[in-house]
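Visitor: Please take me through one part of this model in close detail. I would like the metal site and the ligand beside each other in one account.

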Amino acid sequence: MITMKDIVREGNPVLREVADEVEMPPSEEEKETLGEMLQYLKNSQDEQICDRYSLRPGVGLAAPQIGVSKRMLAVHFTDFNDKLYSYGLFNPKIVSHSVEKAYLTSGEGCLSVDREVPGYVPRYARVTIKAVDLEGNEVKLRLRDFAAIVFQHEIDHLNGVMFYDHIDPDNPFKEPENAKALDH
Ligand SMILES: COc1ccccc1NC(=O)N[C@H](C(=O)N(CC(=O)NO)CC1CCCC1)C(C)(C)C
Ligand SMILES: [Zn+2]
């Protein structure tokens, strides 16, 4: 079971690496690891398990965050329209995106960052992602708003990018150009 001790924190070089593609078909070990990442998110959203193991309630987790430099990520959350997104994905790729940007007015945090880093994180408002899911199926996801934000945050981790890399250091709360504000 993944708990907070398994989650690497900023400063660990693995968070700044470009993670490796997963050879298809994924090995049993890779499938097990991705399944455990998804289970962490579900556990972290179960009040009793979350309390018992002092988990941070996570909506997404990328393999480098547990020290595995492979292109695998898990998400588990419901968006503003109560649509459930629950996936373990191998080799996710943004194949197209909107020109329009979006950002969370609350800013972002990260399971690997034990401090507040205030500021807007501009991201694409809409993205289309292609990947292979835990069952080995090719998936194509058209995402917008909070869902688009979560997936971009996780894919950034596969490229060694942290959310605060996107914050304007001179004016963290400057309204990003051509962007819509998301209150979640
Ligand atoms: C159940 O919890 C929620 C319900 C509704 C809205 C938000 C949340 N939770 C989160 O946004 N949780 C954040 C999160 O999991 N991440 C994931 C992460 O660090 N991945 O590497 C950070 C988010 C910031 C924007 C997108 C992901 C943390 C860093 C605050 C734990
Ligand atoms: Zn993160």
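Guide: What follows covers the metal site, then the ligand, then one loop residue. This is a predicted model, in which local features need pLDDT of at least 70, side-chain atom pairs count only at pLDDT 80 or more, and totals for chains, interfaces and linings use all residues. Residues are numbered from 1 along each chain as its sequence is written, chains are lettered from A and ligands numbered from 1 in the order in which they are written, and side-chain values use heavy atoms, with hydrogens and water left out.

Start with the zinc ion (ligand 2). Cys110 (SG), His153 (NE2) and His157 (NE2) coordinate it at 2.1 to 2.3 Å. Donors here are N, O and S atoms within 2.8 Å of the metal (3.2 Å for Na, K and Ca); water is not among the atoms, so sites may look incomplete. The donor spacing in sequence is C-x42-H-x3-H.

Both histidines, His153 and His157, belong to helix 3 (residues 145–158). They are 4 residues apart, about one turn of the helix. Helices (H or I, at least four residues) and strands (E, at least two) are DSSP runs, numbered from the N terminus. The side chains of His157 and His153 make a polar contact at 3.3 Å. That term means a pair of N or O atoms within 3.5 Å; within protein, one must be able to donate a hydrogen and the other to accept it, and residues adjacent in sequence count only if both atoms are side-chain atoms.

His153 and His157 are both buried. His157 counts as buried because its relative accessibility is 2%. Buried means under 20% relative accessible area, exposed over 50%, partly exposed in between (1.4 Å probe, protein chains only).

Now ligand 1. Of the 18 residues around it, Val59, Gln65, Leu111, Glu154 and His157 come nearest. A residue is near if one of its heavy atoms lies within 4 Å. Helix 3 gives the most to this shell, with 5 residues.

Three polar approaches to ligand 1 follow. A nitrogen atom of ligand 1 lies 3.2 Å from a backbone N or O atom of Pro57. An oxygen atom of ligand 1 is 2.8 Å from a polar backbone atom of Leu111. An oxygen atom of ligand 1 is also 3.2 Å from a side-chain N or O atom of His153.

Last, Val121. This residue lies in the loop between strand 4 (101–104) and strand 5 (123–124). Val121 counts as buried because its relative accessibility is 1%.
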